[in-house]
Amino acid sequence: MAEPAGSQRRSLYKQVGSASWKEAFRQGCLERMRNSRDRLLNSYRQIGSSMPGRGQNALLVQEVMEEEWKSLQSSEYCPEALAQLSLPMDLAVLEEIQQELIDQEQSIISEYEKSLQFDEQYLSIMLAEWEAKPLICPVCTKYNLRITNGVVVCQCGLYIPSHSPELSEQKLRTYLEDSVNNHSTHCPHTPEFSVTDGTEEKPSLLMYCLVCDTWAVIL
């Protein structure tokens, strides 16, 4: 079983004989940055794209270092390390740790950007498939939809009774494309589709996104 993050950090500060408190501080900062991935990406989504140059690569670095420094100062697990806290911090060591954190932060952001590019490519492919006849089922994305007298059915089991006798494949295609395009204006991730169970009323086709926590009724 993996040791909890806090326990790992405390064990670092216990190992004064094998590693200096500076190395413990370095390892603690790197661990804290790894555990702050969600916080980092939230900051990047909010302000990252508007920050020029180097600043874009240091969204949480200073904050992470300050948090870890306070953690080290308040630690009760390594008296020897605490005794050294009165010594001036080696500027070269501090800059080296800062650069490591900047590199780790940029690596996390680059991985996130690659996932966004994949989602955008997948979205483009999905829209291209929808534009080509016949209309692909948005729920299973495998079989073709058939619409007869407004009733929508698919080989995957999808069945939506008529909401409008005038519903056609072209109209449904337009509804789907408009909904996906509207969603893409505020969220880069690919939405999913499902059908309500219709226990109290007719089943409906829904589009939803687990990332931005939004949904829309298509039919």
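Where is T141 found? In this model, which is predicted, T141 is found in the loop between α6, covering 91-131, and β1, covering 145-148. What I would like you to notice there is the backbone, since the phi of T141 is near 50 degrees, a positive value in a residue other than glycine. With a relative accessibility of 37%, T141 counts as partly exposed, because that label covers values between 20% and 50%.

A second residue belongs beside this one, namely D213, which is not a glycine and yet has a positive phi of about 60 degrees. D213 lies in the loop between β5 (205-209) and β6 (214-217), and at 69% relative accessibility D213 counts as exposed.

Let me now turn to the helices, and begin with α4, residues 61-74, whose 14 residues should span 20 Å at 1.5 Å a residue, which agrees with the 20 Å between its end C-alpha atoms. In α4, the residues V61, V64, M65, E68 and L72 are buried, and they lie on the same side of α4 because they cover an arc of only 95 degrees around the axis. On the other side of α4, K70 and S74 are exposed. It helps to remember that an α-helix has 3.6 residues a turn, so residues three or four places apart point the same way.

Finally, in helix α3, which runs over residues 37-47, we find L40, L41, S43 and Y44 buried. These residues cover an arc of only 160 degrees around the axis, and therefore sit on the same side of α3, while the face turned away from that buried side carries the exposed residues D38 and Q46.

Definitions and conventions
Residues are numbered from 1 along each chain as its sequence is written. This is a predicted model: local features need pLDDT of at least 70, side-chain atom pairs count only at pLDDT 80 or more; totals for chains, interfaces and linings use all residues. Side-chain values use heavy atoms; hydrogens and water are left out. Buried means under 20% relative accessible area, exposed over 50%, partly exposed in between (1.4 Å probe, protein chains only). Helices (H or I, at least four residues) and strands (E, at least two) are DSSP runs, numbered from the N terminus. The arc is that of the directions from the helix axis to the C-beta atoms. The expected span of a helix is 1.5 Å times one less than its number of residues.
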